[in-house]
2 protein chains.
Amino acid sequence: MIQENTRFLIVGLGLIGGSYAMGLKKNGYHVDAIEINQLSIDYAIKHNIIDRGSTFDIDYIKEADIIISGLYPNMTVDWITTYQKYFKPGALITDVSSVKTGVVEPIQKIIRRDVEFISSHPMAGKEVSGVKFADDSIFHIANFIILPTESNTKEAVATMRQFAEILGFSNISELTVAQHDEMIGFVSHLTHAIAVSLMNTNDNTHLVEYTGDSFRDLTRIAKINENLWSEVFFLNKENLIREIDDFIQEVNHLKATLEQDDVEGLKELFIQSTARRKLFDR
Amino acid sequence: MIQENTRFLIVGLGLIGGSYAMGLKKNGYHVDAIEINQLSIDYAIKHNIIDRGSTFDIDYIKEADIIISGLYPNMTVDWITTYQKYFKPGALITDVSSVKTGVVEPIQKIIRRDVEFISSHPMAGKEVSGVKFADDSIFHIANFIILPTESNTKEAVATMRQFAEILGFSNISELTVAQHDEMIGFVSHLTHAIAVSLMNTNDNTHLVEYTGDSFRDLTRIAKINENLWSEVFFLNKENLIREIDDFIQEVNHLKATLEQDDVEGLKELFIQSTARRKLFDR
C-alpha cells in the first residue's frame with residue numbers, strides 16, 4: 001500500500017504524467033520524473049510539480065516504489081522491457097495507456113517475478129498536451145479503471161484503488177483487457193474516428209462563420225495528436241473496425257428512412273436516441 | 001424600418017419565439033403572441049416576456065407591423081396561407097425555420113402583394129424547448145441569416161438587419177435558399193444524423209459510468225424533438241442524403257487505412273482534421 005514515504009517515479013512528463021505528479025506532490029509524496037525533454041523538466045521543477053527530474057537517471061528507477069509510465073503504449077512496453085533490470089524488488093508498475101491490447105499481455109509476460117505490473121487507465125484528458133497544461137483537477141470528474149489479470153495480486157489492486165483515491169478520481173472501476181478495449185473502442189476511439197471523418201468530409205473551412213455549438217462539439221476531438229492516436233487506433237484496430245461497421249450500418253438505417261419517406265421510422269430513431277442520451281446527462 | 005411604435009406578433013411561443021419576445025420587450029417594443037398552449041401564454045405574461053397573449057385573436061394579426069412565425073416549417077406555410085387575409089397592409093412577415101426549401105418558395109408564391117415575406121434563420125438553440133427556457137442571451141453568440149429572394153425589397157432586408165441588431169446577434173449574413181440549405185445540411189442536419197446514429201449504434205446505456213466528455217459532446221444533440229426534426233430532415237432530404245454519403249465515404253476511408261495497415265495514411269487524416277478544426281476554435 002502507499003505510505004507516507006512511498007517514492008513515485010513518473011516516466012514521460014506529458015499532460016497525464018504531469019497531472020499525476022502534481023496531484024501526488026500536493027498530497028506530500030516524493031515524485032521523481034524521467035523525461036526526454038529538458039524544458040519539460042525545468043518547467044515541472046520551477047512550478048513545483050516534481051521533486052527531481054532528469055532525462056535519464058538509473059537511481060530514480062532503483063529508488064522508486066511505484067513507477068508510472070506516462071509514455072505512449074508501444075514505448076511503455078519497450079521502456080519496461082529495457083529498464084526493468086533496475087526496478088526495486090517489490091516495485092509496482094503501471095501505465096496510462098488508453099488501449100490495453102498489445103500492452104498488458106506483452107509486459108506481464110516478460111516482467112520480473114519480484115515486481116508487479118498492473119495496468120490502469122485514467123479516463124481524463126484535454127485537447128492539449130504537455131506538462132505545461134498539467135492540472136490534477138481533470139481527475140476529479142474522471143473515471144479510473146484498473147485492469148487486473150491473473151498475474152496480479154489483490155494487494156496491487158488495492159494499492160491502485162488507493163492511488164486513484166489520493167488523486168481524487170470520482171469513480172474507480174475494474175475491467176478485463178477485453179472489456180476495456182471494447183468499451184473504449186466505442187466511447188473514445190469510435191467517437192474520435194467520427195469527429196475526424198466529419199472534419200475531413202468536405203473542405204468546410206468556409207463555413208466557419210455559420211457553425212454553431214453542434215458542429216463545434218462534434219468536432220472538438222478532431223484536433224488529435226497523430227502519433228499517439230495512430231498507435232492507439234492500430235492497437236485497438238479489431239474492435240474499432242467492428243464498431244465503425246456497426247455505426248455505418250446505423251447511419252445507413254437513418255438514410256434509408258429518408259429515401260423511403262418513412263417518417264415514422266425516422267421518428268422512432270429520434271425517440272430512441274433521445275431516451276438513451278438522457279441517461280448520459282450528468 | 002423598425003420604429004419605437006412598431007408592433008410585433010409572435011406566432012408560436014416556443015424557445016425561439018419566446019426568446020425573440022423577451023429580447024424585443026426588453027428593448028421596449030410591444031409584443032403580442034398567438035400560442036395554442038394557454039399555459040405558455042400565462043407563463044410569458046407572468047414573466048413579462050409578452051404584452052398580450054391569446055390562443056387566437058384576429059386583432060393581434062391585424063395590428064401587427066412585423067409577424068414572426070415561430071412555428072414548425074410546414075405549419076408556418078399553412079398558418080400564413082390561412083391568415084394572411086388579416087395581415088395589415090405593409091406588414092413584414094418572417095419565420096425561424098432551420099430549413100428553407102419547401103418554406104420560402106411556397107409562401108412567396110401565395111403571399112399578398114401588399115405585404116412582404118422575408119425568410120430568416122436565427123442559428124441559436126438549446127437542447128430544451130418551450131417558453132419556460134426562453135433566454136434572449138442565446139442570440140448574443142449566434143448567427144442571424146437573412147434569405148432574400150427576387151421577391152424581396154432592399155428595405156425588408158435592412159429591416160431584418162435592424163431586427164437582428166436589436167436582438168444582439170453577434171453576426172448577420174445573407175444567403176440564398178440553396179446556399180443556406182446546403183450549409184445547414186452539413187453543419188446542423190448531418191451532425192444531428194451522426195449524433196443520433198452514434199447513440200443508436202449499440203445499446204450503450206451500460207457504458208454510462210465510463211463515458212467521458214468526448215462521447216457526451218458528440219451525442220449531446222442526440223436528444224432531439226422527433227416531430228420538428230423529422231420535418232426538417234425530410235424538407236432538406238436531398239442535401240442531407242448527399243452529405244451522409246460523403247461522410248460515410250470519409251469514414252470508410254479511415255477504416256481502409258486501418259485494414260491496410262496504412263499508418264501514414266491514418267496520420268494524414270489526423271493532421272488534416274486537426275488543421276481544419278483549429279480554424280473553428282472560438
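Contact here means heavy atoms within 4.5 Å of each other. The model is predicted, and this report describes how chain A and chain B meet in it, followed by the surroundings of one residue of chain B.

**Interface and symmetry**

The contact draws 82 residues from chain B and 82 residues from chain A. Of the interface residues of chain B, 100% are also interface residues in chain A, so the copies meet through the same surface. A turn of 180° with a shift of 0.0 Å along the axis lays chain B on chain A with an RMSD of 0.1 Å. The two copies are therefore related as by a two-fold rotation axis. Within chain B, B:Leu218 has the C-alpha nearest this axis, at 2.3 Å from it.

**Buried area and polar links**

Between them, chain B and chain A bury about 8400 Å², and carbon and sulfur atoms account for 67% of this area. On the side of chain B, the residues that lose the most area to chain A are B:Tyr210, B:Arg277 and B:Phe280; together they make up 10% of what that side buries.

The interface also holds eight salt bridges between chain B and chain A. One of the salt bridges joins the side chains of A:Arg220 and B:Asp217, with an N to O distance of 2.7 Å. Polar contacts between chain B and chain A number 36 residue pairs, with both residues at pLDDT 80 or more.

Several elements of chain B each supply at least two residues to the side that touches chain A, among them strands β8 (143–147) and β9 (171–174) and helices α7 (177–201) and α8 (213–219). Helix α10(B) gives the largest share of that side, with 16 residues. The composition of the side of chain B that touches chain A is tabulated below.

| Residue class, side of chain B touching chain A | Count |
|---|---|
| Nonpolar | 38 residues |
| Polar | 22 residues |
| Charged | 22 residues |

**Surroundings of B:Thr94**

B:Thr94 belongs to strand β5 of chain B, which covers residues 92–95. Its relative accessibility is 1%, and because buried means under 20%, B:Thr94 counts as buried. The side chain of B:Thr94 forms a polar contact with the side chain of B:Ser120 at 2.7 Å. Leaving aside residues up to four places away in sequence, B:Thr94 touches B:Ile67, B:Ile68, B:Ser69, B:Phe117, B:Ile118, B:Ser119, B:Ser120 and B:Met160. B:Ser120 thus appears both as a polar partner of B:Thr94 and among the residues that B:Thr94 touches.

Terms used:
Residues are numbered from 1 along each chain as its sequence is written. Chains are lettered from A and ligands numbered from 1 in the order in which they are written. This is a predicted model: local features need pLDDT of at least 70, side-chain atom pairs count only at pLDDT 80 or more; totals for chains, interfaces and linings use all residues. Side-chain values use heavy atoms; hydrogens and water are left out. Buried area is the accessible area (1.4 Å probe) that two parts lose on being put together, summed over both. A salt bridge is a side-chain nitrogen of Lys or Arg within 4 Å of a carboxyl oxygen of Asp or Glu. A polar contact is a pair of N or O atoms within 3.5 Å; within protein, one must be able to donate a hydrogen and the other to accept it, and residues adjacent in sequence count only if both atoms are side-chain atoms. Helices (H or I, at least four residues) and strands (E, at least two) are DSSP runs, numbered from the N terminus. Ala, Val, Leu, Ile, Met, Phe, Trp, Tyr, Cys and Pro count as nonpolar, Asp, Glu, Lys and Arg as charged, and the others, Gly among them, as polar. Buried means under 20% relative accessible area, exposed over 50%, partly exposed in between (1.4 Å probe, protein chains only). Copies are superposed by least squares on the C-alpha atoms of residues with pLDDT of at least 70 in both.
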